[in-house]
Amino acid sequence: MNLHEYTSEHEHLYRYLISALDEPRRKRWVDFVESTADYALRQRPLLESGDEFPGFGALDRAVAAANGPAVPSMRFLVLGFSFGYTFPFCGLAFKYMARLKEALVAKSARFVCLFPPEDPPPMEEREGYAMVVDEDGAWARACGLRMPLARRFSALAKEIPWFLSKEPDSANPHITLPGTCILTLGGVVRWLDLPVDVSRRLPPTEILDRIDREVLEPVR
């Protein structure tokens, strides 16, 4: 699998989904993407290389419960924070991540998908990687990937079927940005990607490159 294959499928999916929206919904979607991009550009990630990941013990236990404990040869944990289980752009990226399982193992890494409470996966689903629900968004918040959802966007959950499976908590609506974090199995952050467009996740092959370029270098 190469980058072009993923990029082509992503572009086809984006055109298909956006073309199905009428003009008012398309404008609201663009407004939402631009709003989250502005937030991401202003938000400095709270975690940097060398920091300890808050609540790593609980995360490690949740991953083990979802997909078994890490084998002794594993050194790194790749966290894929999801906007939501029904969000197609996350689903596409995770499908390709599953195809890279052997490549990840060769780099002593395993992939874990963290879903937000607004759109968790069905409990019976198994996709070949650990699927964990970030129940209160604490892990995403620790990474700077949890943001308030402006009231004007709450209706998108009803207007766009793939936006969210349900409306966020109306009293304090938040969403999780689809970022990527790489940790050691001891819970030390090695790299964190904060996206500026919720529909354009970091391509899976670039995650492999990051493991080579960033993770295998000494912590700076």
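Q: How many bridges join β6 to β7?
A: Two strands count as paired if DSSP finds at least two bridges between them, and strands (E, at least two residues) and helices (H or I, at least four) are DSSP runs numbered from the N terminus. This is a predicted model, where local features need pLDDT of at least 70, side-chain atom pairs count only at pLDDT 80 or more, and totals for chains, interfaces and linings use all residues. Residues are numbered from 1 along each chain as its sequence is written, and side-chain values use heavy atoms, without hydrogens and water. β6 (residues 180-184) and β7 run antiparallel, and the bridges joining them number four.

Q: Which residue of β7 is the bridge partner of Thr-180?
A: Thr-180 has its bridge partner in β7. That residue is Asp-193.

Q: Which strands stand at the edges of the sheet?
A: The open sheet has five strands in the order β3-β2-β1-β6-β7, with mixed pairing. Two of its strands have a single partner each, so one side of each is left without a neighbour in the sheet. Those are β3 (130-133) and β7 (189-193).

Q: Where do the buried residues of α2 (residues 23-42) lie, seen down its axis?
A: Among the buried ones (under 20% relative accessible area, with exposed over 50% and partly exposed in between; 1.4 Å probe, protein chains only) are Trp-29, Phe-32 and Tyr-39. On the other side, Lys-27, Glu-34, Leu-41 and Arg-42 are exposed. The buried residues of α2 fall within an arc of 160 degrees, taken from the directions from the helix axis to the C-beta atoms. So they line one face of the helix.
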